[in-house]
Amino acid sequence: MSSPVKALFAGAVREDLLFPFPEPTDEERETVSAFLGSLRTFARDRIDSARIDREKRIPPEIVRGLADLGTFGISIPVEYGGYGFSSSAYCRVMEEIGRTDASLGILIGGHQSIGMKALLLYGTEEQKKRWLPALAAGEMVAAFALTEPEAGSDAASIRTTARYDAARDEFVLDGSKHWISNGGIADFFTLFAKDVALEAADEHRRITAFAVTKDLPGLEIGPEEKKLGLKGSSTVPLVLKEIRVPAFNVIGPRGAGFKVAVEVLNTGRTSLGAGCLGGCKAMIREAALHAGERRQFATRIADFEMIRGKFARMVASTYALESLVYLTAGLVDRGLSDYSLEGAACKVFGTETMWSVVNDALQIAGGNGFMEEYPYERALRDSRINMIFEGTNEILRVLVALTGLRELGSDLEEVARALKAPLGNLGILSDYVGRKIRGYVAPERLERVAPELAVEADLVRRYTRSFGAAAETFLSRYGTHILERQYQQERLANVAVDLYASIAVLSRASSAVRRRGAREAAEEIRLARAFVGSAKYRVVGALKEMEKNRDRDHAAGRDGDRSAIAEAAYSSPGYRFDFWG
Ligand SMILES: Cc1cc2nc3c(=O)[nH]c(=O)nc-3n(C[C@H](O)[C@H](O)[C@H](O)COP(=O)(O)OP(=O)(O)OC[C@H]3O[C@@H](n4cnc5c(N)ncnc54)[C@H](O)[C@@H]3O)c2cc1C
């Protein structure tokens, strides 16, 4: 099964993969619903999100309670003591946790989505038997330790070293990590270091992944960071002083650590989108309760059109996010192996949708929105980081654009080589297996969309075609200079994400029509129309800008102006003008 987002770059819509919208089985629905029931009861009776924020910690009894429910092992296979939930079911639980408290989302996501994911994906049977049961039971908490002070987005540049000591069959690790989520309470770290003895052409092919447990002498856990949000979540630096790690603890092949890290992060991004979905739903509910009660000018504020407009935007974009997350998770469950771009789309769209929803909800709350006794300011603080960690949204846009183009240009040797080599230096981006996607035929019409959404289906089909043509023009015009054209990469990525989200919405609403009939599915039809209608303006705008700025000369056009404005701000750092002076 190949990536539907990559196919968009060839102007194609993979209707065969994207329709009908994935549905859980009755049995799975029942299991997940029972789990969610227990989680909700626990949350209602025991979790106080404001207190977690105020006291800057998750009380140990909450961690224990979540562990007793089995939350730490939902994605771990049953044979190792977990629930073995599918990707969809895992996302549904992460959605619920995101709705409850963002710091709890990091506790559970940091543990499962990234902390012990490498063990699940690359661990040997012995390694899995050694650690997974304790991780599933929440007796051990996991963390993912990649970032260093000098190596953020450029993760391939990490400086922590691993020296192999053959006499003792151990590795000696030295270096430091920072901003490690769950670090203060974790017992198990998936930690990345440069394996100094390895000969490799590229620096990143020397990185090796290790399971570092807290009991190993030489691991120092630093103090908790003081953060803008996620105050209940533990974020610490680590210092590694000649830690002796048994060779048994190497996860995956030596020198494949970078690939391991990239794959772990790729798999985690869909569920980060799910966490954001939960956050959006919580905000819409709060804002709706407030708008229905608050009266100004003898009118419920809910009745003012400027407030209605905000609800329409919040609900339609949240519906799109939900469709994007569960379409992607469903594809993963059906065996899509390379879903790096779909996961990136969930992360970028999810984190930015949540930011915009929180902003709208806070505005609807008026002055109350600014006060600590209401949940909006906390949500605003908590949600800001989502656009930064697990691959910044800029890096993910580069990933979407360049990977999509590389697939398109994989028969253009020189371009493919140019795209591959610098990607190796772009940290998080490299190590994707190229597959040709040429040969797809842009469809004449989308066959599987419900007739009620024929206009929207036609829009998506036409703009996908234009997008494919723009991508091809872009490739042939810039050749190996594509890498420098980030303004254009950003537009490409934005259009790809909007098209994928639009198709997700069409697929879901069409399934609703098929199952329940057009009359019963009227609300979903309306949401699909609203979302595709708004996406259309963004897509048209981006395609036009791409066209206007297609000159090969960097200094030309509006993009040239943008660069000149930025350069001026750099040259005498700051804003250069003073109206009075
Ligand atoms: C609360 C918190 C929790 C975290 N948890 C973890 C964790 O558990 N494990 C872990 O390993 N790390 C963790 N991180 C680190 C996080 O993943 C990094 O902060 C992130 O990868 C960005 O790195 P940086 O902060 O060094 O920013 P930089 O890489 O310095 O980036 C700064 C800015 O430049 C932009 N930029 C960089 N390169 C490019 C480029 N090529 N093109 C365009 N723009 C670019 C970025 O998008 C960003 O806007 C955490 C961080 C925080 C704040």
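Select Thr 161 and Lys 194: Thr 161 stands opposite Lys 194 in strand S4. Two strands count as paired if DSSP finds at least two bridges between them. Strands (E, at least two residues) and helices (H or I, at least four) are DSSP runs, numbered from the N terminus.

This is a predicted model: local features need pLDDT of at least 70, side-chain atom pairs count only at pLDDT 80 or more, and totals for chains, interfaces and linings use all residues. Residues are numbered from 1 along each chain as its sequence is written.

**Stop 1: strand S4 and its partners**

Now select residues 188-195, which make up S4. Are they mostly covered or mostly exposed? S4 is mostly covered, with eight of its eight residues buried. A residue is buried if 20 or more other C-beta atoms lie within 10 Å of its own, exposed if 12 or fewer, and partly exposed in between, with C-beta atoms placed from the backbone.

Add strand S2, residues 161-165, which runs parallel to S4 and is joined to S4 by two bridges. Ala 162 stands opposite Asp 195 of S4. Then add strand S1 (142-145). S1 and S4 also run parallel, joined by four bridges, and Ala 142 stands opposite Phe 188. Next, show strand S5, residues 207-213, which is antiparallel to S4 and joined to S4 by seven bridges. Phe 189 has Val 212 of S5 as its bridge partner. In a regular strand the side chains alternate between the two faces of the sheet.

**Stop 2: the hairpin of S2 and S3**

Go back to S2 and add strand S3 (170-181). Five bridges pair S2 with S3 in the antiparallel sense; Tyr 164 has Phe 171 of S3 as its bridge partner. Four residues lie between the two strands of this hairpin, where Asp 169 takes a positive phi near 50°.

**Stop 3: around the ligand**

Which residues come nearest to the ligand? Of the 22 residues around the ligand, these are Thr 147, Gly 152, Ser 153, Thr 392 and Glu 394. A residue is near a molecule or strand if its C-beta atom, placed from the backbone, lies within 6 Å of it. S1, S3 and helix H14 (393-408) are the elements that give two or more residues to the shell. Domain 1 (1-141 + 256-572) and domain 2 (143-255) both contribute residues to this shell, so the ligand lies between them. The domain bounds come from an automatic or database domain assignment.

**Stop 4: the largest nonpolar core**

Select Phe 210, Leu 324, Ala 345 and Tyr 500, which touch the most other members of the 167-residue core. A nonpolar core is a set of buried Ala, Val, Leu, Ile, Met, Phe, Trp, Tyr and Cys residues joined through C-beta atoms within 7 Å. Domain 1 and domain 2 both give residues to this core, so the core lies between them. Leaving out residues up to four places away in sequence, Tyr 500 touches Pro 4, Val 5, Leu 8, Leu 324 and Ala 345. Contact means C-beta atoms, placed from the backbone, within 7 Å.

**Stop 5: backbone details**

Select Phe 19 and Pro 20, joined by a cis peptide bond with omega of about -10°. Pro 20 lies in the loop between helix H2 (15-18) and helix H3 (26-46).

Move to Glu 242 in strand S7, residues 235-246. Glu 242 has a positive phi of about 45° although it is not a glycine. Finish at Phe 297, in the loop between strand S9 (295-296) and strand S10 (299-300). Phe 297 is not a glycine either, and has a positive phi of about 55°.

Methods: Contact = placed C-beta atoms within 7 Å.
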